[in-house]
Amino acid sequence: MRGPQESSSTPALMPQNRNPVEDGLIGYNALMIALALAAFGVVAAPIGVKRGREELVRATYTATYAMFALVTVATFAMIYALVTHDFSVGYVAQVGRRATPLFYTIISLWGALEGSILFWAWVLTLLAARSLRHDEAAARRLVDERAEKAVRTASELIQDRLQGELDQVRNGL
């Protein structure tokens with residue numbers, strides 16, 4: 001542990017002017033925000049569809065597009081760390097070698113478990129964003145159909161109730 005006297009007298013222990021990409025902070029933070037957006041989407045999407053709240057469904061679409069952007073940032077940050085041979089990033093230290101040609105350095109992104117998971121997360125968010133963009137009209141129709149069914153069911157229940165009361169009134173007269 002460092003004491004109070006050592007904090008100012010040990011400048012070599014404190015990094016000076018570090019690049020956040022080199023520290024892995026950009027990729028890590030992007031993935032954490034993407035994870036939070038995924039959790040939001042998992043909760044908000046079914047609620048939005050069930051309750052017919054189109055604004056909530058649209059918010060989950062936006063969250064999916066943002067997840068794709070954030071996972072893309074994390075993926076490119078890892079590729080940048082691989083290409084620049086930033087061995088302070090654990091994954092680069094594990095799979096990277098200075099003598100490896102550029103092409104193989106880039107594709108070493110999926111050379112081990114962590115990079116492969118990052119790569120597949122990127123592929124899946126790409127496909128999710130693309131399918132949502134393609135199917136936004138279908139999703140709106142689904143919300144409209146659910147809302148229409150709910151209104152129809154409610155009106156049938158009200159009509160049955162009123163008919164029952166009307167029959168009671170007629171029988172009572």
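Residues count as buried under 20% relative accessible area, as exposed over 50%, and as partly exposed in between. The structure described here is a predicted model.

**Aromatic residues**

W122 has a relative accessibility of 23%, so W122 counts as partly exposed. The value for F68 is likewise 23%, and F68 is therefore partly exposed. A search of the whole structure finds 5 aromatic pairs. In the pair made by F68 and W122, the ring centres are 6.4 Å apart and the planes stand at 35°, so the pair is tilted. This pair links distant parts of the chain, since F68 belongs to helix α3 and W122 to helix α6, with their positions 54 residues apart. Both residues are members of one aromatic cluster, which is formed by F68, W110, F119, W120 and W122.

**Nonpolar core and the loop at S108**

The largest nonpolar core has 16 residues, of which M78, L82, V92 and L109 touch the most other members. Two or more residues of this core are given by each of the elements α2, α3 and α4 (90-95). The largest contribution comes from α3, with 8 residues.

L82, one of the core residues named above, can be followed through its contacts. Leaving aside neighbours within four places in sequence, L82 is in contact with Y91, V92, V95, T105, I106, S108 and L109. Two of these partners, V92 and L109, are also among the core members that touch the most others.

S108 is found in the loop between α5 (102-107) and α6 (113-172). Is this loop residue buried or exposed? S108 has a relative accessible area of 13%, and because the limit for a buried residue is under 20%, S108 is buried. When neighbours within four places in sequence are left aside, S108 is in contact with L82, Y91 and V95. Y91 and V95 also appear among the contacts of L82.

**Salt bridges**

Side chains of opposite charge can pair when their charged atoms come close. How many salt bridges does a search of the whole structure find? The search finds 2, and they are listed below.

| Salt bridge | Closest N and O atoms |
|---|---|
| R53 with E55 | 2.9 Å |
| R58 with E54 | 3.7 Å |

In the bridge between R53 and E55, R53 is partly exposed at 36% relative accessibility, and E55 is partly exposed with a relative accessible area of 43%. In the bridge between R58 and E54, R58 has a relative accessible area of 42% and is partly exposed, while E54 counts as partly exposed at 24%. R58 and E54 both lie in helix α3 (residues 54-83), where they are 4 residues apart, about one turn of the helix.

**Nonpolar surface patch**

Y28, L31, M32 and L35 make a nonpolar surface patch of about 390 Å². One of these residues, M32, lies in helix α2 (residues 25-51). M32 has a relative accessibility of 38% and therefore counts as partly exposed. Helix α2 is also one of the elements that give two or more residues to the largest nonpolar core.

Note on methods: Residues numbered from 1 in each chain as written. Predicted model: local features only at pLDDT ≥ 70, side-chain atom pairs only at ≥ 80, totals over all residues. Heavy atoms only, no water. Buried < 20%, exposed > 50% of the residue type's maximum accessible area, 1.4 Å probe, protein only. Contact = heavy atoms within 4.5 Å. Salt bridge = Lys/Arg side-chain N within 4 Å of Asp/Glu carboxyl O. Patch = residues over 30% accessible without salt bridge, like charges linked within 9 Å, V, L, I, M, F, W, Y side chains within 5 Å. Areas by Shrake-Rupley, 256 points an atom, 1.4 Å probe, with all protein chains shown as cover. Core = buried A, V, L, I, M, F, W, Y, C linked by side-chain atoms within 4.5 Å. Phe/Tyr/Trp six-rings, centres within 6.5 Å; stacked < 30°, edge-to-face > 60°.
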